Amino acid sequence: ESKQPFVMVLFGATGDLAKRKLFPALYALYRDGLVHEHFAIVGVGRSEMGQAEFRKMVQDSIAKHSRLSIAEGQAWENFIGRVDYVALDVNNSETYALLRQMVEAREKTMDDTSNRLFYLSLAPELFGTVATNLRLGGLTQNQGWKRLIIEKPFGKDLESARALNEVISQSFREEEVYRIDHYLGKEMVQNIEMLRFTNMLFEPVWNNRYIDNVQITASETLGVEDRASYYEHSGALRDMVQNHMLQMLMMVCMEPPSKFETEAIRDEKVKVLRSLRRYAEDEISQYVVRGQYTTGEMKGQQVLGYRDEANVAPDSDTETFVAAKLYVNNFRWSGVPFFIRTGKRMPKKATEIVVQFKEVPLLNNFTHAGAVGPNLLVIRIHPMEGMTLYLNAKKPGTDDKVVPIAMDFCNNCDIEGGSPEAYERLIHDAVHGDSTFFTRWDEVSLAWKFVDPIRRAWDKGLVPLHDYQAGTWGPKAVNFLLSEDDVNWWYVR
Ligand code: BG6
């Protein structure tokens, strides 16, 4: 789709996400010339705030968080001049008249075009209400296109997700709904399909005949910070596994799409979730481990245990760590274990995927010669972006010694200011009507179908909640998941 004028209505405009990610992303898109010159942003918030005050807030947030510095002069004036603010009680559809007037006033100055992008960066309880009130307030009956971007979480289980979807579908068609999973906006997550489907070197060996196991890690150093009121009800399973971890799994496992087109790609991803082995409640303890951090040392500083954090119940059972062994039961992947792990207060912030290949048949004949290891392909998603391929080669100057060698590719080293942020890519795609890297409803529902029995088994107390010290790689109890398959976690750089 070519560039078109649009108005973006941003709910939650004074919130943390808007400041840290959304305004910087919008500014970068504008600076890079990736959106039509006729656009406007209408921020919606709870508190009364004058336009000047709001613009100052936007400016400060961009100055602080953008990968690009603010250009003085006309370019900046032009950008900030397109930013408005309105205070609304989002629960009351009558107050939306004011919003509608502002949007229409902007549209008059933009050749009377009317394309609307509604972005809900709000508490999830409000998603349904706002979608409905946009319709009741007359904002969704416009001439041009309309699109709804929704932050996560989309429900807290299958049932609530269905109910939410039902409500939204009364105001927006499925093609108009853009459910964000910001991991899908990360450069190296998007790169997985390119690497797989454009290289003869990978695709023929990308299956259970050559791959021994796959490990997907998303570790964080931060704790719960000030988000306990949300996190206490979500935990790592709903916060990271239901969405980000399964999305990475889908990208690794999907079949080549028949066309490089949105629905063809999403169809292949959904098939992965259909093949994902679902565990019954009484099997969960064999395949899924949960943990919670206790006090520990990080970078020489003692940090609080989860239960001592602000707004966390002193006897909270919320998990801050999950590891699991997954199987994708289809022709390509049958028998290959996928190990996933994610947690807060771990030693390193790192998101990466390690594909471990099987050993060569003659490996034993070489063992006298030194450190022969399996080939590994490490896809680095964050903070480093790139990949490393570990191979074996002859040690120079010897005739029978083998050494591991690493071939490195850096994806973002040559890009000034770093590669585009996930939110830049995703907002850009939504503005241009490309929903490839957004979550379709059937993906959401299948992901909940996998997650719900795990949650139920935990709620029934069928599985222990293990402790791990802040600053460590999670509970020791995780190791049994891997040892059955004679696998170790790779801790690569
Ligand atoms: C969010 C979770 O979706 O992803 C957070 O709600 C988590 O708890 C974050 O910290 C991690 O994202 P990233 O991009 O920093 O890996």
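Me: What makes a residue count as near the ligand in this predicted model?

Reply: A residue is near a molecule if one of its heavy atoms lies within 4 Å of it. In this predicted model, the residues around the ligand are Lys-152, His-182, Tyr-183, Lys-186, Glu-220, Arg-227, Asp-239, Met-240, His-244, Lys-344 and Lys-349.

Me: What makes the approach of Glu-220 to the ligand a polar contact?

Reply: The cut-off for a pair of N or O atoms is 3.5 Å. A polar side-chain atom of Glu-220 lies 2.5 Å from a ligand oxygen, and this value is within 3.5 Å, so the pair counts as a polar contact. For His-182 the corresponding value is 2.8 Å, and for Lys-344 it is 2.9 Å. As for cover, the ligand taken alone exposes 390 Å², of which the protein buries 80%.

Me: Which classes make up the shell around the ligand?

Reply: Seven residues of the shell are charged, two are polar and two are nonpolar. Lys, Arg, Asp and Glu count as charged, so Lys-152, Arg-227, Asp-239 and Glu-220 are among the charged residues.

Me: Where does UniProt place the feature "binding site"?

Reply: The unreviewed UniProt entry places this feature at a set of positions including Gly-12, Thr-14, Arg-46, Asp-89 and Lys-152. From this set, Lys-152 is taken into the lining of the largest cavity.

Me: Why is Thr-14 called partly exposed?

Reply: Buried means under 20% relative accessible area and exposed means over 50%. Thr-14 has 24% relative accessibility, which lies in between, so Thr-14 counts as partly exposed. Thr-14 sits in the loop between strand 1 (6-11) and helix 1 (16-31).

Terms used
Residues numbered from 1 in each chain as written. Predicted model: local features only at pLDDT ≥ 70, side-chain atom pairs only at ≥ 80, totals over all residues. Heavy atoms only, no water. Polar contact = N/O pair within 3.5 Å; in protein donor to acceptor, adjacent residues only side chain to side chain. Areas by Shrake-Rupley, 256 points an atom, 1.4 Å probe, with all protein chains shown as cover. UniProt positions renumbered as here; feature names shortened; annotations may be inferred. 1 Å grid on protein atoms, 1.4 Å probe; cavity = no way out; pocket = protein on both sides within 12 Å on 5 of 7 lines; lining within 4 Å. Helix = DSSP H or I, 4+ residues; strand = E, 2+ residues; numbered from the N terminus. Buried < 20%, exposed > 50% of the residue type's maximum accessible area, 1.4 Å probe, protein only.
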